[in-house]
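Biologist: Can we go through this one slowly? I keep meeting labels, and I'd like to hear how each one is earned.

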Amino acid sequence: MTDDLDMLTQCIAARRGDFLSPLGPVLLASTALGIATDTKTFARMFDIAHALVIREAVSLDADLGLLHTEDRGDRSQRLFLSLTEAGAALTHMAPA
């Protein structure tokens, strides 16, 4: 799993360089591979502040159109994510 995530992350970063931070390709890759499809799980898995993950997810959604926010947890502010068609094309994964 880690090798797949690393390889896909590197491919995404090489194809597109306009991410808010280096976190963007990792978030896209983990969503594409089904490793973490919400921001809270991703933050816990990678030991990153949840607020930073939310910020990146919002950028990937609103600014770059690569992620779609499916739902938002009221109390936790957790964002549930999926790939857009552009995100799927970037990761070579068909949208679910």
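Biologist: What covers the buried residues of α4?

Modeller: The cover includes α2 (23–32), α3, β1 and β2. Bear in mind that this is a predicted model. The buried residues themselves are H50, V53, I54, E56, A57, S59 and L60.

Biologist: How does the reach of helix α4 compare with what is expected at 1.5 Å a residue?

Modeller: Helix α4 runs over residues 50–63, which makes 14 residues. From first C-alpha to last it reaches 19 Å, close to the expected 20 Å. Just after α4 comes G65, with a positive phi of about 65°.

Biologist: Over in α3, why is F42 called buried?

Modeller: Buried means under 20% relative accessible area. F42 has 0%, so it counts as buried.

Biologist: And why is F46 called partly exposed?

Modeller: Partly exposed sits between the 20% and 50% cut-offs. F46 has 30%, so that's the label it gets.

Biologist: How many aromatic pairs does the structure hold?

Modeller: Just one aromatic pair. It joins the rings of F42 and F46, whose centres are 4.5 Å apart; that is within the 6.5 Å limit, so they pair.

Biologist: What makes the pair of F42 and F46 tilted?

Modeller: Their planes are at 35°. Stacked would need under 30 degrees and edge-to-face over 60, so what's left is tilted. Both residues lie in helix α3 (residues 39–46), four residues apart, about one turn of the helix.

Biologist: How do you know that β1 and β2 pair?

Modeller: Two strands pair if there are at least two bridges between them. Strand β1 (residues 67–72) and β2 have five, in the antiparallel sense, so they qualify. One partnership to look for is T69 with L81 in β2. The two strands form a hairpin with six residues between them, and Q77 in the turn has a positive phi of about 65°.

Biologist: Which side chains of β2 point to the buried face?

Modeller: Those of L79, L81 and L83. F80 and S82 point to the other face and are not buried.

Biologist: Zooming out, how many helices and strands does the chain have?

Modeller: Five helices and two strands.

Biologist: What makes the chain as compact as a globular protein of that length?

Modeller: Its radius of gyration is 12 Å, and the globule rule gives 12 Å for 96 residues, so the chain earns that description. Of those 96 residues, 43% count as buried.

How values were computed: Residues numbered from 1 in each chain as written. Predicted model: local features only at pLDDT ≥ 70, side-chain atom pairs only at ≥ 80, totals over all residues. Heavy atoms only, no water. Buried < 20%, exposed > 50% of the residue type's maximum accessible area, 1.4 Å probe, protein only. Phe/Tyr/Trp six-rings, centres within 6.5 Å; stacked < 30°, edge-to-face > 60°. Expected span 1.5 Å × (residues − 1). Contact = heavy atoms within 4.5 Å. Rg over C-alpha atoms; globule rule 2.2 N^0.38 Å.
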